[in-house]
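Before reading on, please take a moment to look over the chain and its fold. The paragraphs below then lead through the overall architecture and a handful of chosen residues.

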Amino acid sequence: MAQNDEIFATLERDHDRHRELLDKLLETSGDSDTRESLFTELTRELKSHAAAEEQALYSTMLRKPPTTGETRHSVAEHHEIEEALNDLAATDMGSSAWLQKFKDFDHQYRHHINEEEEDHFPDFAKYLDEDDREHMRQVFDRRKEEEKAEAEVTPEKKEDAKE
């Protein structure tokens, strides 16, 4: 990765933080305050990260024809991740169903961020000019903070949880 691709380093630092939260959540059990607190933090982190990433990085990459396929793929995965988070929030945290859904989510999310880091980011870097990089620097952090302040942990009700 080029030295001046700080947007990718910023995104990867977020991903590392997400991995830490996932690991901590896997160590929790039952409907505990710790599990609820960590899940709330993870949800806000992931939703704000995804929104900022879409506005800063993916909006830029959609304007680059060679990267539109990878970009659409990642944005679609963001929507799947948000749906899974909402479903988890609507599921009783003390149930075995929650833990199984969380393990499935953990696998899905780690696959997504590994794919971004190993495949997409190196491909994207080839097509960015300095104007693109400047735009992304200006947008990402500001947008993430705005989104984090408004991120909902669950807009769904418990009865809406998927079986």
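What follows moves from the chain as a whole to single positions within it.

The model shown here is a predicted one, and the values below should be read with that in mind. The secondary structure of the protein chain consists of five helices and zero strands, so that, read from the N terminus on, its elements follow the order α-α-α-α-α. The radius of gyration of the protein chain is 16 Å, close to the 15 Å that the globule rule gives for 163 residues, and the chain is therefore as compact as a globular protein of that length. Taken along the principal axes, the box filled by the C-alpha atoms of the protein chain comes to roughly 50 × 25 × 25 Å.

Within that overall outline, 47% of the 163 residues of the protein chain count as buried. Among the contacts in the protein chain with a separation of 6 or more, 81% are accounted for by residues 24 or more positions apart. The surface that the protein chain exposes amounts to about 8,600 Å², and carbon and sulfur atoms supply 45% of that area. As for charge, the protein chain carries 23 positive and 45 negative charges, and the mean positions of these two sets are 1 Å apart.

Turning to individual residues, a good place to begin is histidine 15, which has its place in helix H1, the helix of residues 6-26. Is histidine 15 buried or exposed? Histidine 15 counts as buried because its relative accessibility is 0%, and the cut-off for that label is under 20% relative accessible area. Once residues up to four places away in sequence are set aside, histidine 15 touches His49, Glu53, Tyr109, Ile113, Glu116, Glu117 and Phe121. With one of these partners, histidine 49, the side chain of histidine 15 is joined in a polar contact of 3.3 Å.

Another of the partners just named for histidine 15 is glutamate 116, a residue that lies in helix H4. Glutamate 116 counts as buried, since its relative accessibility is 0%. How far apart are glutamate 116 and histidine 15 in sequence and in space? They are 101 residues apart in sequence, while from C-alpha to C-alpha the distance in space is 9.9 Å, and a polar contact of 3.1 Å joins their side chains. Leaving aside neighbours within four places in sequence, glutamate 116 is in contact with His15, Glu53, Tyr58, Ser74, His78, Phe121 and Pro122. Glu53 therefore appears in the list for glutamate 116 as well as in the list for histidine 15, where contact means heavy atoms within 4.5 Å.

Helix H4, made up of residues 96-125, also holds histidine 120. Histidine 120 is buried, with a relative accessible area of 4%. Its contacts, apart from neighbours within four places in sequence, are with Glu70, His73, Ser74 and Glu115; of these, serine 74 makes a polar contact of 3.5 Å, side chain to side chain, with histidine 120. Ser74 is also among the residues in contact with glutamate 116.

Two leucines continue the picture. Leucine 46 has its place in helix H2, residues 33-61, and counts as buried at 4% relative accessibility. Beyond its neighbours within four places in sequence, leucine 46 is in contact with His18, Leu85, Phe105 and Tyr109. The C-alpha atoms of leucine 46 and lysine 144 are separated by 9.8 Å, although the two residues are 98 residues apart along the chain.

Leucine 88 is found in helix H3, which covers residues 68-89, and at 1% relative accessibility this leucine likewise counts as buried. Its contacts, again leaving aside neighbours within four places in sequence, are with Phe39, Trp98, Lys101, Phe102 and Phe105. Phenylalanine 105 lies 17 residues from leucine 88 along the chain, and the C-alpha atoms of the two are separated by 8.8 Å. Phe105 is also one of the contacts of leucine 46.

By way of contrast, glutamate 27 has its place in the loop between H1 and H2. Glutamate 27 is exposed, with a relative accessible area of 68%, whereas glutamate 116 is buried. The C-alpha atoms of glutamate 27 and phenylalanine 105, which are 78 residues apart along the chain, are separated by 15 Å.

Note on methods: Residues are numbered from 1 along each chain as its sequence is written. This is a predicted model: local features need pLDDT of at least 70, side-chain atom pairs count only at pLDDT 80 or more; totals for chains, interfaces and linings use all residues. Side-chain values use heavy atoms; hydrogens and water are left out. Helices (H or I, at least four residues) and strands (E, at least two) are DSSP runs, numbered from the N terminus. The radius of gyration is taken over C-alpha atoms; the globule rule is 2.2 Å times the number of residues to the power 0.38. Buried means under 20% relative accessible area, exposed over 50%, partly exposed in between (1.4 Å probe, protein chains only). Accessible areas come from the Shrake-Rupley method with a 1.4 Å probe; for residues, only the protein chains shown count as cover. Lys and Arg count as positive and Asp and Glu as negative; His and the chain ends are not counted. The place of a charge is taken as NZ of Lys, CZ of Arg, CG of Asp or CD of Glu. A polar contact is a pair of N or O atoms within 3.5 Å; within protein, one must be able to donate a hydrogen and the other to accept it, and residues adjacent in sequence count only if both atoms are side-chain atoms.
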